Amino acid sequence: MSDSHTTAARGPLDHHFETLEQQNETCSIGMWAFLVQEVMFFGGLFACYIVFRYVYPEAYQWGSDHLDVKLGTFNTAVLIGSSLTMALGVRCAQIGQKGRTAGFILLTMLLACVFLGVKWVEYGHKFHDGLIPGVAWDPGPGAPNGSRTFFGLYFAMTGMHALHMIVGLVLMTFVAVRSLRGRYSPQNYIGVEVLGLYWHFVDLVWIFLFPLLYLLGRHAGGGH
Amino acid sequence: MTTSARPSYLATQPKEDNYLSAGYGVKSWLLTVDHKRIALLYLISLTAFFCVGGMFAVLIRLELLTPQGDLFQSEIYNRLFTMHGTFMVFFFLLPSIPAVFGNFLLPLMLGARDVAFPKLNLLSWYLYVVGGLLSFGAMLAGGVDTGWTFYTPYSSTYANSQVIVSAVGIFIAGFASILTGVNFIATIHKMRAPGLTWFRLPLFVWAHYATSLIMVLGTPVVAVTILLVAIERLFHVGIFDPALGGDPILFQHLFWFYSHPAVYIMILPAMGIMSEIIACFSRKRIFGYKIVAMSSLAIAVLGFLVWGHHMFVSGQSLMAGFIFSILTMLVAVPSAIKVFNWTATLYRGSISMKTPMLYAMGFIGLFTIGGLTGVFLATLSVDVHVHDTYFIVAHFHYVMVGGVVMMYMGGLHFWWSKFVGRMYPEGLARVAAVLIFAGFNLTFFPQFILGYLGMPRRYHAYPEEFQVLNVFSTAGASVLGLGFALPLCYLIWSLKYGKRADGNPENAAGLEWTTTSPPPKHNFHSIPVVTEEAYDYTQREAPGV
C-alpha cells in the first residue's frame with residue numbers, strides 16, 4: 001500500500017506483490033491450478049485406457065502378464081519413499097534448515113533416478129521381447145487382438161509419467177541450488193512448497209498407473 | 001474513484017511515466033514482463049493471423065461465386081477451408097479477447113500491478129507465436145486438408161498433407177492457453193485490491209474467471225488427443241484408426257470434449273466486454289449483476305456436458321443423443337439470461353450510440369440469432385436434416401464473428417484510448433461498425449437459407465440453383481472485408497494523429513479508468529482501496545458531447 005515497489009529494498013518480494021503472504025498464496029494457487037490441468041491431461045490417457053480395456057479385455061490381461069510386477073512393486077516403493085523425502089525437505093525449509101532442505105531434495109532426486117533407471121531396464125526387456133510398437137514389435141503368435149494398443153498406451157502413459165519425473169529432476173536441481181544459496185527462509189519457502197506439490201502429484205499418477213497396468217489384468221485372468 | 005472528479009495528478013502526469021515510454025528498444029518489448037506490453041504483442045500477432053485467416057476466407061468466397069469448381073481443384077479447396085478454420089479458431093478466436101483485453105485489463109480492473117506470474121505470461125506469448133509460426137510453416141509447405149477438426153481417419157490413414165507439423169503447432173499454442181488460464185485464476189483469486197470483493201468485480205473479470213476454468217480443464221484434453229494422434233501415426237498403434245484396431249468415434253469424443261467448451265472460451269470474454277460497454281453507454285448498473293456473474297460460471301460448467309451434440313450422426317447411442325440434446329438446450333438458459341439482462345439494463349438508461357455501443361447493439365442481435373439457431377441444432381431431428389450443411393456454417397459464424405469478433409472490435413474501440421493514449425476518429429469508426437454489421441449479415445444470412453435448402457459445406461462446387469444466394473454471400477464478404485480494413489487503417493493512423501485522450505474520456509466506472517492513458521508502468525502509484533460496487537453510475541455524469 002505504498003510506493004515501496006519502486007525501491008530496491010523489497011527482498012524476496014516481487015515487484016507486483018504487496019506482501020509475502022500474498023505472494024505465497026498466489027504461487028500456491030497457481031500450482032494447484034496447474035495440477036488441475038495435469039489431472040485433465042492424464043485423464044485423457046486414462047479415458048483411452050478404459051475404452052480399450054472394454055474393447056480388448058484379453059489383450060489387457062495378456063499385456064499385464066508381460067509386465068514385470070516385481071520391478072513395478074519395487075519402483076512403487078521407491079517413488080513413495082521419494083515423496084517422504086520430499087515432504088521432509090519441505091518441513092526443513094519451513095523451519096529454516098537450508099542444508100538439510102537441499103539434502104532431502106538431493107535424496108529425492110536420487111530415488112527419482114533409481115525409479116527412472118529401473119524403468120529403463122524394464123523398457124529394455126520390452127525391446128528384447130519385441131513389445132514396443134513401431135520400434136521392436138514381434139510379440140509372437142499368441143498375442144491377442146489389441147495387444148499393440150495395450151502396449152502403445154503402456155508406453156504413452158508411463159512415458160508421459162517419466163517425462164514429468166525428468167521435468168521434476170530439473171526443478172529439484174534448481175530449488176536445491178537456491179536453497180543452498182540461502183534464498184529460502186521460514187517466511188519465504190513457497191518455491192520448495194510448490195515443488196513438493198508437483199512431486200506428490202507425479203507420485204500419485206504412478207499410484208494409479210501401477211495397479212491399472214500391472215495388476216488389474218493379471219487378477220482378471222486368475223493369476224500366474 | 002468515488003466521484004466523477006478526477007485526481008489532479010491525471011492532468012499533470014509527466015509524459016515519461018507510462019508503460020509505452022518506459023523503454024523503446026526491440027529488447028524492451030521482446031523481453032518485457034509488463035502485462036500491458038504483452039497484451040500489445042498479442043494484439044499485433046493476432047492481427048497478423050487474422051489477416052492470414054481472412055485471406056483464405058476471400059479465396060473460399062471467390063471460388064463459391066460460381067457453381068462450377070473453376071478457380072481451385074477440390075484438393076486445394078479442402079486446404080483453403082482447413083487453413084481458414086485453423087488460423088481463425090486456434091490463432092485468432094481462442095486467444096483473442098483473453099490474450100489482449102484480459103492481459104491488459106485484468107490487473108488494472110483488479111487494482112494490481114501485474115498478473116500473478118508475469119514471466120509465465122511472456123512465455124505464453126512465445127508459445128503462441130512458436131505454435132502459430134509452425135502452423136504457418138505447415139501452410140507454406142502445402143497446408144492441411146483435414147478440416148479444422150482434424151478428424152481421423154483424414155488426419156491418420158488418409159492424411160496426405162502437413163498434419164503433424166500443424167498439429168504440433170496447435171499443441172504448443174494450447175499450452176499458451178493453459179498457462180494464461182492458470183495465470184488468470186491466480187490473479188483473480190489473489191491480486192484483488194483491498195475492498196474489491198467477489199461481488200464488486202466487474203463482470204469482465206467474472207467472464208474471464210469462467211473462461212480460465214475452461215482453459216485449464218479443457219485444453220489439456222485436446223493436447224493429449226493430439227499427442228495420441230502423433231503416437232498412432234509414428235508407431236502405428238491403434239487408437240483412433242479402425243484399420244489398426246482403434247476407434248474413430250473416440251477421437252471425436254475427446255476432440256469435442258475440449259472443442260465445444262472452447263466455443264465458450266471464445267464467447268464468454270466477449271460477453272464480459274459486452275457488460276462493460278452496455279453499463280458505460282447506458283450509464284447504469286448491469287441489471288441483475290449477480291445473476292449475470294453466475295450465468296458465466298453456469299455456461300462454463302454446462303459447456304462441458306454438451307459435446308455430444310456435434311456427434312448426433314456419428315453413431316453414438318440414441319440415449320446419448322437424447323441426453324446431449326437436452327443438456328445443450330439447457331446452455332441456452334444462462335445465455336438467454338445474459339441477453340435479457342443486458343436489454344433490461346438499457347431500460348431507462350441514458351444511452352449514447354458511440355462506436356463501442358454500436359458493436360454492442362450488433363452483438364445482441366447477431367448473438368441472439370446465432371444462439372437460437374443453436375437450439376435448432378440441438379434438436380435431434382432438425383440436426384439430422386441440416387447437419388454438415390451451410391446452416392451450421394452460418395450458425396457458428398453468427399456466434400464466432402457476430403458474437404466474438406463484434407465484441408473484440410467493440411472492446412478495441414472502448415479501451416483504445418487506454419491502450420495508446422489517443423482517440424480513434426469517431427465518425428469513421430461508426431461507418432466501419434455499420435459496414436461490418438451489414439456486410440456480416442449479407443455474407444452469412446443467405447447461408448442459413450442455403451443450408452436449409454441442402455447445400456453441404458466443404459465442397460468447391462454446387463448446383464446452379466444455389467448461385468444467387470452465394471453471390472449475395474460473396475458480395476457481403478467484400479463489404480465485411482472493407483469494414484475490417486477501415487479500423488486497421490484508422491487505428492494505426494490514430495497512433496500519431498489521434499486526439500490525445502485523458503484517463504477517462506467516457507467517465508466510465510472501473511479501476512482501469514482511474515489511471516492515466518496510457519497507464520504508468522506499474523499501473524498504480526499506490527494500490528487503490530475499493531469502497532463501491534461495480535458500475536456505480538449514479539454519481540457519474542456522461543461526458544459532454
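These questions and answers cover a core, a glycine and a chain contact in a predicted model. Local features need pLDDT of at least 70 and side-chain atom pairs pLDDT 80 or more, while totals for chains, interfaces and linings use all residues. Residues are numbered from 1 along each chain as its sequence is written, and chains are lettered from A in the order in which they are written.

User: Which helix gives the most to the largest nonpolar core?
Analyst: A nonpolar core joins buried Ala, Val, Leu, Ile, Met, Phe, Trp, Tyr and Cys residues through C-beta atoms within 7 Å. The largest has 220 residues, and B:Met266 is among those with the most contacts inside it. Helices are DSSP runs (H or I, at least four residues), numbered from the N terminus. The top contributor, with 22 residues, is helix 9 (residues 248–282) of chain B.

User: Is B:Gly272 buried or exposed?
Analyst: B:Gly272 is found in helix 9 of chain B. The cut-offs are 20 or more other C-beta atoms within 10 Å for buried and 12 or fewer for exposed, with partly exposed in between; C-beta atoms are placed from the backbone. B:Gly272 has 29 such neighbours, so it counts as buried.

User: Which helix supplies the largest share of the side of chain B that touches chain A?
Analyst: Contact means C-beta atoms, placed from the backbone, within 7 Å. By that rule, 37 residues of chain B meet 31 residues of chain A. Helix 7 (163–190), helix 8 (203–235) and helix 9 of chain B each supply at least two residues of chain B's side. The largest share, 11 residues, comes from helix 8 of chain B.

Key. Contact = placed C-beta atoms within 7 Å.
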